[in-house]
Amino acid sequence: MRRSSILVAIDNGQLRRTVTAMLLTQGWEVIEASVPIRPVPAAGRHTPELVIADRCYREFPEAFAFTRNLRKLYPAIPIILIAERSSEEQVIAALKAGANDYIKQPFAEDEMVAAVRRCLSGREEQEPSEGSAEASGLIDGHRMVGESQAMCDIKAHLGRVAGTDCTVLITGESGTGKELIAEMIHRQSARRQDPFVCINCAAIPDALLESELFGYERGAFTGALTMREGLLKQANGGTIFFDEIGDM
């Protein structure tokens with residue numbers, strides 16, 4: 001199978017070597033560039049199929065000018081941005097600027113590899129059909145039934161959202177699969193080894209909401225014979241899904 005060529009345009013030498021080693025271990029071809037302002041021209045005739053860049057060399061929001069310029073020159077090339085810090089505002093700005101994924105340091109090798117595979121899915125020689133689990137880059141992507149353009153767009157968007165630490169709002173009629181979407185986002189994220197906790201907000205009485213979410217100590221109130229861990233504590237490190245949050 002043909003392996004994709006990946007341009008690593010990172011100023012930080014140690015970080016560039018670390019990312020390069022991760023990619024080479026997986027068998028991808030790597031082109032290194034130490035100056036991220038003009039990464040693609042530096043690659044010469046070997047046009048990459050993916051760019052990995054850091055945005056640490058400039059302050060937010062100017063950092064994303066590079067991403068916007070790269071997206072204009074090469075609209076079909078996926079871009080993964082690496083940042084020392086991230087916020088919801090920065091992640092949204094990165095996606096709007098044209099980034100396909102956004103990874104916060106420190107990151108594990110499997111997190112980087114998963115992001116690269118999502119971005120390169122369908123680009124290597126064994127291209128799956130559009131809308132399939134492999135084409136979307138989603139684990140258990142076959143659980144989402146449908147191959148329409150709308151479904152393909154949703155699957156592609158899930159892959160991008162899963163790489164962030166943003167709060168996600170999922171809307172839809174009853175029975176359309178909001179919990180499935182939430183679970184799939186969790187399974188694509190770096191938190192997938194930790195718990196996925198679903199809370200049915202409509203089923204929790206007002207008087208018990210605080211106790212359910214935050215738990216309580218033994219003797220905190222009449223009938224509290226033992227200490228109980230709250231659902232938020234159970235989901236620590238993972239993902240928590242507030243189903244029917246409008247009814248809370």
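Student: What is the relative accessible area of Glu-229?
Tutor: This is a predicted model, where local features need pLDDT of at least 70 and side-chain atom pairs count only at pLDDT 80 or more, while totals for chains, interfaces and linings use all residues. Residues are numbered from 1 along each chain as its sequence is written, and side-chain values use heavy atoms, with hydrogens and water left out. Buried is under 20% relative accessible area, exposed over 50%, partly exposed in between (1.4 Å probe, protein chains only). Glu-229 is partly exposed, at 39%.

Student: Which residue forms a salt bridge with Glu-229?
Tutor: A salt bridge needs a side-chain nitrogen of Lys or Arg within 4 Å of a carboxyl oxygen of Asp or Glu. Here the closest N and O atoms are 4.0 Å apart. The partner is exposed, at 52%. It is Lys-233.

Student: How many residues apart in sequence are the parts that Asp-110 and Arg-192 tie together?
Tutor: Their side chains meet in a salt bridge at 3.7 Å, N to O. Asp-110 lies in helix H5, Arg-192 in the loop between helix H8 (178-188) and strand E6 (196-200) (DSSP runs numbered from the N terminus: helices H or I, at least four residues; strands E, at least two). So the separation is 82 residues.

Student: Which element gives the most to the largest nonpolar core?
Tutor: A nonpolar core joins buried Ala, Val, Leu, Ile, Met, Phe, Trp, Tyr and Cys residues through side-chain atoms within 4.5 Å. This one has 21 residues, and Met-112 is among those touching the most other members. Elements giving two or more residues include strand E3 (50-54) and helix H1 (13-25). The top contributor, with six residues, is H5.
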